[in-house]
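Me: Please take a close look at one part of this structure. Start with contacts and build the picture outward from there.

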Amino acid sequence: MSNNIKHGLQIPCDIYSFNILIKCFCSCSKLPFALSTFGKLTKLGFHPTLVTFNTLLHGLCVEDRVSEALDLFHQMCKPNVVTFTTLMNGLCREGRVVEAVALLDRMVEDGLQPNQITYGTIVDGMCKMGDTVSALNLLRKMEELSHIKPDVVIYSAIIDGLWKDGRHTDAQNLFIEMQDKGIFPDIVTYSCMINGFCSSGKWSEAQRLLQEMLVRKISPDVVTFSGLINALVKEGDLNSAQDLLQEMISSGVCPNVVTCNTLLDGLCDSGKLKDALEMFKAMQKSMMDIDATHAFNGVEPDVQTYNILISGLINEGKFLEAEELYEEMPHRGIVPDTVTYSSMINGLCKQSRLDEATQMFDSMGSKSFSPNIVTFNTLITGYCKAGMVDDGLELFCEMGRRGIVANAITYITLIRGFRKVGNINGSLDIFQEMISSGVYPDTITIRNMLTGLWSKEELKKALAMLEELQMSMDHHLVG
């Protein structure tokens, strides 16, 4: 192509033309062509300019080829602020923040003054790595030594980091500080603050900020609304969550599947299965009738949506409806996951359809899904309730072979299963296994075990059990 430029076409053959060509290749994600053009221009005797190098550095960093970018950087004579900032951004994207900070120091040593974008790049990298302390120190360095005014992006990154570090008061103080300095929060800042207040249970403060956003004519986005709805659901205030969903829709912000799943989960947990199913039907209707205006505007249910509803139906004893939803999934192009199978196995066990539950459990491997602790516990519970404790025990052993660590539910289920069939020695063995594994029983399990032993006049075993439990707990406390 370069030969055509030089000999065959009436296009100026100079370094500026090559720079344009390299930039075009980089912009179109054709980095190999950009590098090839760079090689050809040097063979033709042209000297790459700062623009040439910076364009290629940016292209390499965007493609996550930062090590190659560093090699190219070392070929440069006089890099500028853009050069250093581009490399710092690439390093921070790869989590190599220490190297980025070293590059910042070298930049200053070379007599170059970092700008707002340079500092913002490093601050963002530090916050993403969880080093909020260093980010805050760099913010102060900007103001005191470099006399560069931080922008809203820098403040937002640090505020978000402070919330995640649990430094709630510091985050709130920095939010106030930025406004005192004439730097007004944007949607990102408000979202950080609202999510922070929600995570710390300060719902009224979060809602106050939402109203403040509206007054300042900063339109909340789906992330902002979803965070608040999630918080209200966790608080158990479903009415407010549903009201906020309507306010969200009225504001012209379309909920996404995360918003819908959050509310569906809350409705199911609160026993409002009918409301959840109506909402689900509205989601499906909005997908089918794309020409009409719907509240959910084509929000597509995902595997989590189906999992929430299947579990809710099973908990309400509506097994047929749950199976219908399960069978609908592949027709919608949705692949069931481990959670789906665990819920369905739970439903089959509740109906005493243990053979089908076992078949579904066994089929998971052929579908590339591995049962987890919940799946195992669900089937073990089914076996024990049916008096098939030996099958439950075999499944317990299978857990160990697969490297899945039993939890308190596993042990307590087996203990109850053995007691149900009158095998006090079996329940005692599992109890002792539980203690030796470092899993501690609840008071109900201890009382039931002691009652069982006393009824069998096994007082020595009861005392030995208490002594073993006491020693184990003492060791745990000392450790």
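Reply: Contact means heavy atoms within 4.5 Å. This is a predicted model, where local features need pLDDT of at least 70, side-chain atom pairs count only at pLDDT 80 or more, and totals for chains, interfaces and linings use all residues. Residues are numbered from 1 along each chain as its sequence is written, and side-chain values use heavy atoms, leaving out hydrogens and water.

Take Cys127. Set aside its neighbours within four places in sequence, and Cys127 is in contact with Ala135, Ala157 and Ile158. Look at Ala157 in that list. Cys127 and Ala157 are 30 residues apart in sequence. In space, their C-alpha atoms are 6.6 Å apart.

Where does Cys127 sit? It is in helix H8, residues 116-128 (helices are DSSP runs of H or I, at least four residues, numbered from the N terminus). Cys127 is buried, at 14% relative accessible area (buried is under 20%, exposed over 50%, partly exposed in between, with a 1.4 Å probe and protein chains only).

Now the sulfurs. How many disulfides does the structure hold? Zero (a disulfide needs two cysteine sulfur atoms within 2.5 Å). Cys192 is in no disulfide. The nearest cysteine sulfur to Cys192 is that of Cys127, 9.7 Å away. Cys192 also counts as buried, at 11% relative accessibility.

Cys26 gives another case. Why does Cys26 not bond to Cys28? The sulfur of Cys28 is the closest cysteine sulfur to that of Cys26, but at 9.5 Å it is too far for a bond. Cys26 is buried too, with a relative accessible area of 17%.

Cys26 also leads to a pocket. Which residues lie nearest the centre of the second largest pocket? They are Lys23, Cys26, Ser27, Thr55 and His58. So a pocket needs defining: it is an open set of points on a 1 Å grid over the protein atoms alone, where a 1.4 Å probe fits, with protein on both sides within 12 Å along at least five of seven lines; lining residues have an atom within 4 Å of a point.

The lining of the second largest pocket has 15 residues. Two helices each supply at least two of them: H2 (15-27) and H4 (50-62). H4 gives the most, with six residues.

Put the pieces together. Cys127 and Cys192 have sulfurs 9.7 Å apart, and Cys127 is in contact with Ala157. Cys26 is buried and is among the residues nearest the centre of the second largest pocket.
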